[in-house]
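Please open the structure in your viewer and keep the sequence panel visible. The tour below proceeds by selections, each followed by a description of what is found there.

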Amino acid sequence: MTREESNIIRSLRLPLMIMVVFIHSFLIDRDGMIETIWIEHFFSQCLPAVAVPLFMTISGFLFFTKCKNGNYSFFSHQLKKRVKTLVIPYVLWNAIVIIFFFCLHRFVPSLINSEFENVSSFSFPQLLNCFWRGSGGFPIAYQFWFIRDLIIISLFTPFIYYFAKRGTWTLIVYLIFYYSFSISYLEISFYYFVGAFCSLNRIDFVKFSRKFQTYAIPIALMMLSAMAFGYGSEFVRKTYILSGGITILSLQFLYNTNKITSILYKYSESSFFLFSVHGIIALLLCKLLTKIIRYDYQLIWIPMYFLNIISIILICIGLYNLMKKYTPKILSILTGNR
């Protein structure tokens, strides 16, 4: 991994994580509030659609960064490392959210949406199921579906190594499957495979992105516009993700030393904590705002949408800094020693 690649990965952690916060921060869906709904649709569904795929691509890239040969010791070391960085935080955060929802249902049920299942009445098998799929196909800490899928993909890394080393044709075949089928695991694993392919074949993704940015940027803007105005087919969405990913990786300011990158470097370490906690904070703040503001005035809801997201980010970073200062060992375990 080159210095530029390392810098851009470090720089991207917080911005991509902020995009994920946008994805989970819908405030309102009321008839007649067309402008507000469109803005939320654009900033919470269209624009940040590239965030999770880029995270998955970076994960695949980092897994194989130090791979000289795909022997048993390499995979054994990497998978043991993933127990600390993925499995333990996954179990702990889902347990925390179960306890959190249990307390809310028991003591302040008004803060829970009526469609939420009552965790306090769950049987033991139902509680165990909350750690994996739950009733809606997501773990109870819903954003951790990403970590769940990453754990599964990590188990198949020997096969990924084998095919990624076979040549460019494997990537082309995977790309054809990517566009031909709408299967979530196929799509997610494709992003991971792209990262692994670049890492194993020593492809400098910064230079690659610079080379193709002239084509990627206009394509990404066209696809994003189509999605924003309701013309987003699966082909459009997937093309936006690929071209948008190249566009982001080619952004010059992300790997140049300047005030922006220094800020991104400073707060990048808090990105996993932000990922872990923002769901709970978003739930409480969104519920609180919809209770306080009962007017259908777009001039109120539009700034509240952005203020809500800013508040979620600041609260999470504030909690991270408090734990870093007073409970660093607990924080280290919860964030997988990141």
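Of the 338 residues of the protein, 47% count as buried. The model is a predicted one.

**Whole chain.** Begin by displaying the complete chain as a cartoon. The protein has 15 helices and zero strands. Its radius of gyration is 21 Å, close to the 20 Å given by the globule rule for 338 residues, so the protein is as compact as a globular protein of that length. Along the principal axes, the C-alpha atoms fill a box of roughly 55 × 45 × 40 Å. Among contacts with a separation of 6 or more, 76% are accounted for by residues 24 or more positions apart.

**Surface.** Next, switch to a surface display. The protein exposes about 17800 Å², and carbon and sulfur atoms supply 68% of this area. Now select Val83, Val87, Ile88, Val91, Leu92 and Ile333, which make a nonpolar surface patch of about 410 Å². Which helix contributes the largest share of the nonpolar patch? Helix H4, residues 72–107, does so with five residues. Ile333 is found in helix H15, which covers residues 328–334. Ile333 counts as partly exposed because its relative accessibility is 47%, and partly exposed residues lie between the limits of 20% and 50%.

**Tyr178.** Return to the cartoon and select Tyr178, which is found in helix H8 (residues 168–180). Is Tyr178 buried or exposed? Its relative accessible area is 1%, so Tyr178 is buried, the limit for that class being under 20%. Show the surrounding side chains as sticks. Leaving aside neighbours within four places in sequence, Tyr178 is in contact with Glu187, Phe190, Tyr191, Lys238, Ile241 and Leu242. One of these residues, Tyr191, also makes a polar contact through its side chain with the side chain of Tyr178, at 2.9 Å. For a sense of scale, add Met323 to the selection: the C-alpha atoms of Tyr178 and Met323 are separated by 41 Å, and the two residues are 145 residues apart along the chain.

**Ser270.** Finally, select Ser270. Where is Ser270 placed? It is in the loop between helix H12 (259–268) and helix H13 (271–292). With a relative accessible area of 2%, Ser270 is buried. To see which residues surround it, display Ile317 and Tyr320: Ser270 touches both of them, when residues up to four places away in sequence are not counted.

Key
Residues numbered from 1 in each chain as written. Predicted model: local features only at pLDDT ≥ 70, side-chain atom pairs only at ≥ 80, totals over all residues. Heavy atoms only, no water. Patch = residues over 30% accessible without salt bridge, like charges linked within 9 Å, V, L, I, M, F, W, Y side chains within 5 Å. Areas by Shrake-Rupley, 256 points an atom, 1.4 Å probe, with all protein chains shown as cover. Salt bridge = Lys/Arg side-chain N within 4 Å of Asp/Glu carboxyl O. Helix = DSSP H or I, 4+ residues; strand = E, 2+ residues; numbered from the N terminus. Buried < 20%, exposed > 50% of the residue type's maximum accessible area, 1.4 Å probe, protein only. Contact = heavy atoms within 4.5 Å. Polar contact = N/O pair within 3.5 Å; in protein donor to acceptor, adjacent residues only side chain to side chain. Rg over C-alpha atoms; globule rule 2.2 N^0.38 Å.
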